[in-house]
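Me: I am new to this structure and would like a close look at a single part of it. Could you pick one helix, walk me through its surroundings, and then show me a few other spots for context?

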Amino acid sequence: MDIKNLTFSYDKKKPFIELNQLTIKDSKITTIIGPNGSGKSTLLGLIAGHLKAHSGEVLLDDVNIHQISAKERAKKIAVVHQQNEAPEHYTVRQLVKIGRYPYRNKFGQNEEVDEQIIDEAIEAASLTAEEERFVYQLSGGQRQRAWLALAFAQQSDYLLLDEPTTYLDLHHQLDLLARVEEKNKTQNQTIVMVLHDLNQALQYSDEIIVMDGGRIIAQGEPFEVMTPEFIHKVFKLNVLFFEDPNGVKHLINIK
């Protein structure tokens with residue numbers, strides 16, 4: 001996916017987003033981070049095709065994303081938001097089944113294949129025991145996993161996650177990110193997500209994009225970009241890195 005000469009504004013006056021060139025690497029996990037109001041979710045909305053740029057373009061397989069029909073786009077891109085609402089009468093299985101709708105056509109569809117894909121998506125989200133429960137009966141973590149299962153069922157090339165861990169406790173945050181990472185590694189799905197937690201961005205990303213003021217100010221491998229000096233400059237935090245017994249680096253905030 002390539003983004004070229006992109007500008008976007010909510011008030012059609014001063015540009016809120018200005019990007020010259022950005023390439024999302026295939027089969028990698030790319031995380032967008034930055035201070036509040038830096039344009040992270042807006043950029044994700046532009047990538048998803050939910051927002052339309054005032055100039056420039058988002059290219060998917062060298063085709064402008066807005067020249068692709070909504071149905072075909074859904075086969076290419078799945079999106080999970082911070083908050084997602086389903087009709088109260090939907091069970092988990094009925095919700096996940098929505099992910100197969102882009103593949104329906106007037107000649108019918110292979111129900112057996114669809115049911116198998118739905119089974120696999122529910123299992124990948126660890127919701128098999130809850131598949132006949134209504135979505136409103138689930139905990140916050142289970143509900144978010146249900147939407148993730150719907151996205152898995154789409155079998156899209158790209159999975160976009162807009163701050164998917166915001167309303168979850170730490171256990172469910174790490175659980176959700178581990179499932180996303182597994183999907184990337186086993187099926188080479190390209191992941192683009194917006195996160196607030198810097199440690200999670202460092203641990204679960206192949207590539208990091210840092211935004212500030214609607215512009216990309218840094219991009220690259222996590223520990224090459226996120227130095228203590230850079231973090232202090234952008235996020236106004238004083239941090240140190242330490243390595244745990246497993247050799248994993250973490251950052252801690254210091255006074």
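Reply: What follows is a walk along helix 5 and its neighbours, with a few other places afterwards.

A word on the ground rules: this is a predicted model, in which local features need pLDDT of at least 70 and side-chain atom pairs count only at pLDDT 80 or more, while totals for chains, interfaces and linings use all residues. Residues are numbered from 1 along each chain as its sequence is written, and side-chain values use heavy atoms, with hydrogens and water left out.

Let us start with helix 5 itself, residues 140–154. Helices here are DSSP runs of H or I with at least four residues, strands are runs of E with at least two, and both are numbered from the N terminus. The expected span of a helix is 1.5 Å times one less than its number of residues. The 15 residues of helix 5 should therefore span 21 Å, and the 22 Å between its end C-alpha atoms agrees with that. Helix 5 is mostly covered, with 13 of its 15 residues buried. Buried means under 20% relative accessible area, exposed means over 50%, and partly exposed is in between, using a 1.4 Å probe and protein chains only.

One residue to look at in helix 5 is Gln154. Gln154 counts as buried because its relative accessible area is 10%. Contact here means heavy atoms within 4.5 Å. Leaving aside neighbours within four places in sequence, Gln154 is in contact with Ala74, Lys75, Ile77, Ala78, Gly99, Arg100 and Tyr103. Helix 5 is then followed by Gln155, which has a positive phi near 50°.

Now for the helices packed against this one. Two packed helices are described by the angle between their axes and the distance between the axes. Axes are lines fitted to C-alpha atoms, for helices over the stretch in contact, and the angles run from 0 to 180 degrees between N-to-C directions. Angles under 35 degrees count as roughly parallel, over 145 as roughly antiparallel, 65 to 115 as roughly perpendicular, and the rest as oblique.

Take helix 4 (residues 111–124) as one partner: its axis and that of helix 5 come within 8 Å and cross at roughly 140°. Helix 4 and helix 5 are therefore oblique to each other. Their crossing is right-handed; a crossing is right-handed if the near helix is turned clockwise from the far one by less than a right angle, and left-handed if anticlockwise. On the helix 4 side, Ile117, Ala121, Ile122 and Ala124 meet Ala149, Phe152 and Ala153 of helix 5. The residues of this contact between helix 4 and helix 5 divide into seven nonpolar, no polar and no charged. For these classes, Ala, Val, Leu, Ile, Met, Phe, Trp, Tyr, Cys and Pro count as nonpolar, Asp, Glu, Lys and Arg as charged, and the others, Gly among them, as polar.

Helix 6 (residues 170–187) is another partner, packing against helix 5 at an angle of about 10° with the axes 10 Å apart. Helix 5 and helix 6 are therefore roughly parallel to each other, and their crossing is right-handed. Here Gly141, Gln144, Arg145, Leu148 and Phe152 of helix 5 meet His172, Asp175, Leu176, Arg179, Val180 and Lys183 of helix 6. By class, this contact of helix 5 with helix 6 has four nonpolar, three polar and four charged residues.

The loop between helix 4 and helix 5 holds Ser126. Ser126 has a positive phi of about 55° although it is not a glycine. Most residues other than glycine have a negative phi. Ser126 counts as partly exposed because its relative accessibility is 38%.

Lastly, here are the other spots. Lys236, in the loop between helix 9 (228–235) and strand 11 (239–243), also has a positive phi, near 60°. Lys236 counts as exposed at 63% relative accessibility. Gln200 lies in helix 7 (residues 198–204) and is buried at 4% relative accessibility. Beyond four places in sequence, Gln200 is in contact with Thr165, Leu170, Gln173, Leu174, Leu177 and Leu195. In strand 12 (residues 249–253) sits Leu251, which is buried with a relative accessible area of 10%. Not counting residues up to four places away, Leu251 touches Leu198, Asn199, Leu202, Ile231, Val239, Leu240 and Phe241.
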